[in-house]
Amino acid sequence: RSMTVDGLGDPWTPDDARGWIAGAVGRSEWVHAAGLARSDFPAESLAELARGRRLSLDGQVLVRPGRTGPLELDADFDPAVLEHVTVLKLAEEELEATGREPADFGVPEVLVTRASRGSFVYAGGRVEEVRARPVGSADLTGSGDAFMAAYLAARAAGQRPLGAARRATALVYGLLAGLMS
């Protein structure tokens with residue numbers, strides 16, 4: 001699969017985070033930031049989003065340069081964007097593009113999604129694998145987003161990281177199996 005970025009949006013500013021975004025998220029304890037490219041979320045904006053909340057970040061904003069043209073992953077991100085992140089979700093190829101190990105990010109919870117093979121959960125100094133059942137030839141586009149929504153809902157409800165990842169995997173499997181039938 002190849003992707004081309006035709007255009008980039010304006011970056012989210014600290015004023016956005018203090019203003020309309022704060023109004024939209026209200027008293028939410030968890031906030032998930034997912035963008036197209038690393039230019040979407042400067043470190044200062046993520047710090048504001050995390051103020052009084054737990055912040056989850058989709059790792060594609062670490063490895064996707066803020067430029068148009070063919071999408072090529074690289075590891076040239078500002079480590080300061082991770083300072084206020086509680087949960088980092090990386091697809092396997094995104095982790096590989098960083099050239100790092102999950103423990104190297106300094107984030108309390110790192111999730112590495114592996115498409116139809118499940119995920120790895122790095123939390124509390126431990127790594128756990130969550131296996132997934134094969135789903136045939138389903139299009140997996142968006143499954144990482146569905147996984148994160150289910151994971152964060154489970155975490156917000158009090159589940160520990162491994163239990164939340166298992167729940168999220170089961171939900172995504174159920175959605176994909178339903179699409180296949």
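**A hairpin, a buried strand and aromatic pairs**

Strands β7 and β8 form a hairpin, with two residues between them. Gly 124 sits in the turn and has a positive phi of about 60°. The model described here is predicted. The two strands of the hairpin run antiparallel, and five bridges join β7 to β8. Within this pairing, Phe 120 stands opposite Glu 129 in β8.

The hairpin also contributes to a pocket. The second largest pocket has a volume of about 170 Å³. β7 (119–123), β8 (126–130) and α7 (161–180) are the elements that give two or more residues to its lining. The lining consists of Val 121, Ala 123, Gly 124, Arg 126, Glu 128, Arg 160, Pro 161 and Leu 162. Gly 124 of the turn is thus one of the lining residues. By class, the lining holds four nonpolar residues, one polar residue and three charged residues.

A cavity was found as well. The structure holds one cavity of 30 Å³ or more. About 40 Å³ of space lies in the largest cavity. Val 5, Pro 65, Arg 67, Gly 69, Pro 70, Leu 71 and Glu 72 line it. Four of these lining residues are nonpolar, one is polar and two are charged.

Strand β6 was examined next. Five of the five residues of β6 are buried, so this strand is largely enclosed by the rest of the structure. In a regular strand the side chains alternate between the two faces of the sheet. In β6, Glu 109, Leu 111 and Thr 113 point one way. Val 110 and Val 112 point the other way. Residues of both sets are buried. β6 pairs with β5 in the parallel sense, over five bridges. Leu 90 stands opposite Val 112 in β6.

Thr 86 is found in strand β5. With a relative accessible area of 18%, Thr 86 falls under the 20% limit and therefore counts as buried. Beyond residues up to four places away in sequence, Thr 86 touches Trp 30, Arg 54, Leu 55, Val 107, Pro 108 and Glu 109. One of these contacts, Leu 55, lies in strand β3.

Leu 55 is buried, at 0% relative accessibility. Its neighbours within four places in sequence left aside, Leu 55 is in contact with Val 31, Ala 33, Leu 46, Leu 49, Ala 50, His 84, Val 85, Thr 86 and Val 87. Leu 55 and Leu 152 are 97 residues apart in sequence. In space, their C-alpha atoms are 10 Å apart.

Helix α3 supplies some of the contacts of Leu 55, including Leu 46, Leu 49 and Ala 50. Six of the eight residues of α3 are buried, so the helix is largely enclosed by the rest of the structure. The buried residues are Ala 43, Ser 45, Leu 46, Glu 48, Leu 49 and Ala 50. Their cover includes α1, α2 (20–25), β2 and β3 (54–58). After α3 comes Gly 52, whose phi is positive, near 75°.

Aromatic contacts were then considered. The count comes to five aromatic pairs. In one of them, the rings of Trp 12 and Phe 41 have their centres 5.2 Å apart and their planes at 45°, so the pair is tilted. This pair links distant parts of the chain, 29 residues apart. Trp 12 lies in the loop between β1 (4–5) and α1 (14–18). Phe 41 lies in the loop between β2 (30–33) and α3 (43–50). Trp 12 is partly exposed, with a relative accessible area of 31%, whereas Phe 41 counts as buried at 4% relative accessibility. Trp 12, Trp 20 and Phe 41 form one aromatic cluster.

Phe 77 and Phe 105 form another aromatic pair, and this one is stacked. The distance is 6.4 Å centre to centre, with 25° between the planes. Phe 77 lies in the loop between β4 (69–70) and β5 (85–91), and Phe 105 in the loop between α5 (92–98) and β6 (109–113), so the pair ties together parts that are 28 residues apart in sequence. Both Phe 77 and Phe 105 are buried.

Technical notes. Residues numbered from 1 in each chain as written. Predicted model: local features only at pLDDT ≥ 70, side-chain atom pairs only at ≥ 80, totals over all residues. Heavy atoms only, no water. 1 Å grid on protein atoms, 1.4 Å probe; cavity = no way out; pocket = protein on both sides within 12 Å on 5 of 7 lines; lining within 4 Å. Points joined across faces, edges and corners; volume = space filled by probe spheres on them. Helix = DSSP H or I, 4+ residues; strand = E, 2+ residues; numbered from the N terminus. Nonpolar A, V, L, I, M, F, W, Y, C, P; charged D, E, K, R; others polar. Pairing = 2+ DSSP bridges. Phe/Tyr/Trp six-rings, centres within 6.5 Å; stacked < 30°, edge-to-face > 60°. Buried < 20%, exposed > 50% of the residue type's maximum accessible area, 1.4 Å probe, protein only. Contact = heavy atoms within 4.5 Å.
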